[in-house]
Each structure stands twice: as C-alpha cells, then as structure tokens.
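Subject: Handing over a structure

Dear colleague,

I am passing on the structure below, together with notes on what was found in it. Please read the notes with the coordinates open beside you.

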Amino acid sequence: MKNTAIKLVWATTIFLIVVAILSSLNFSFSLIFYLVVFGQLLLIFTVYKVLTDDYKTDKTFDNWYEDHPKHEDE
C-alpha cells in the first residue's frame, strides 16, 4: 500500500475515535450527528482508496506470512 492509503486509514481511525470521545462528553447532538455522517463518508472513501490502490508485490501465498516466513527446508 502507498503511504497515502495508510495515512488515510490512520486519519479516519483518529477522526472516528475523536467523534466517540466527543459524544461521550455530551457535545451538541447536531455537531455529533454531522461528524458521524462525515465519518461514515470518510470511511467509505477510505475503503475505496485502499481497495483501488495501485499496489504491486512479488510475494505469493507460498511465501507464508511476512512476520513468520516459511523456510524451504520445512
């Protein structure tokens, strides 16, 4: 994934956490409502950008997991 997709995922996550915190602090309903609607649109846009990201790799399922590579002698 490109850095832009990862940054968008982090920004969306932080935004939705902030909305959850603001709603627990009894901010006005209209502000929370509009932030939630914007957050849902942002989440849909983030999923679209991640799925359509121009990402190429030479790894296959034969390489197993990146943090626990499968050795050829096993």
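A word on patches comes before the findings: a patch is built from residues that have over 30% relative accessible area and no salt bridge, and nonpolar side chains (Val, Leu, Ile, Met, Phe, Trp, Tyr) are joined into one when they lie within 5 Å. In this predicted model, Phe29, Phe33, Tyr34, Val37, Leu41 and Ile44 make a nonpolar surface patch of about 700 Å². Phe33, one of these residues, is placed in helix α2, and its relative accessibility of 42% makes it count as partly exposed.

Overall picture

The protein holds two helices and two strands, and along the sequence they follow the pattern α-α-β-β. Of its 74 residues, 15% count as buried, while the exposed area comes to about 6,700 Å², of which carbon and sulfur atoms supply 66%. Among the contacts in the protein with a separation of 6 or more, 56% are accounted for by residues that stand 24 or more positions apart.

Helix α2 and what it packs against

Helix α2 covers residues 29-51, and its geometry can be checked with a simple estimate: at 1.5 Å a residue, its 23 residues should span 33 Å, and the end C-alpha atoms are indeed 33 Å apart, so the expected and the computed values agree. The buried residues of this helix are Ile32, Gly39, Leu42 and Thr46, and the buried residues of α2 pack against α1, which runs over 3-24.

Leu42 is a useful place to begin with that packing. Its relative accessibility is 17%, and Leu42 therefore counts as buried, given that the cut-off for buried is under 20%. Once residues up to four places away in sequence are set aside, Leu42 touches Leu8, Thr12 and Phe15. Leu42 and Leu8 are 34 residues apart in sequence, yet the distance between their C-alpha atoms is 9.0 Å.

The two threonines

Which side chains does a polar contact of 2.7 Å join? They are those of Thr46 and Thr12. Thr46 lies in helix α2, whereas Thr12 has its place in helix α1, and each of them counts as buried: Thr46 because its relative accessibility is 5%, and Thr12 because its value is 3%.

Each threonine side chain also reaches a backbone oxygen. For Thr46 that is the backbone oxygen of Leu42, at 2.7 Å, and for Thr12 a polar atom of the side chain lies 2.8 Å from the backbone oxygen of Leu8. As for contacts beyond four places in sequence, Thr46 meets Leu8, Val9 and Thr12, while Thr12 touches Leu42, Leu43 and Thr46.

Two further positions on α1

Val9, which is found in helix α1, counts as partly exposed with a relative accessibility of 31%. Leaving aside neighbours within four places in sequence, Val9 is in contact with Thr46 and Val50. Val9 and Thr46 are 37 residues apart along the chain, and their C-alpha atoms are separated by 6.3 Å.

Ala20 also lies in helix α1 and is partly exposed, with a relative accessible area of 45%. Its C-alpha atom is 9.0 Å from that of Val36, and the two residues are 16 apart in sequence.

The loop between the helices

One backbone angle deserves a look when you go through the model: Asn26 has a positive phi of about 60°, although it is not a glycine. Asn26 lies in the loop between α1 and α2, and with a relative accessible area of 69% it is exposed, the cut-off for that class being over 50%.

To draw the main threads together, the buried residues of α2 pack against α1, the side chains of Thr46 and Thr12 are joined by a polar contact, and Phe33 is among the residues that make the nonpolar surface patch.

With best regards

Methods: Residues numbered from 1 in each chain as written. Predicted model: local features only at pLDDT ≥ 70, side-chain atom pairs only at ≥ 80, totals over all residues. Heavy atoms only, no water. Helix = DSSP H or I, 4+ residues; strand = E, 2+ residues; numbered from the N terminus. Buried < 20%, exposed > 50% of the residue type's maximum accessible area, 1.4 Å probe, protein only. Contact = heavy atoms within 4.5 Å. Polar contact = N/O pair within 3.5 Å; in protein donor to acceptor, adjacent residues only side chain to side chain. Expected span 1.5 Å × (residues − 1). Patch = residues over 30% accessible without salt bridge, like charges linked within 9 Å, V, L, I, M, F, W, Y side chains within 5 Å. Areas by Shrake-Rupley, 256 points an atom, 1.4 Å probe, with all protein chains shown as cover. Salt bridge = Lys/Arg side-chain N within 4 Å of Asp/Glu carboxyl O.
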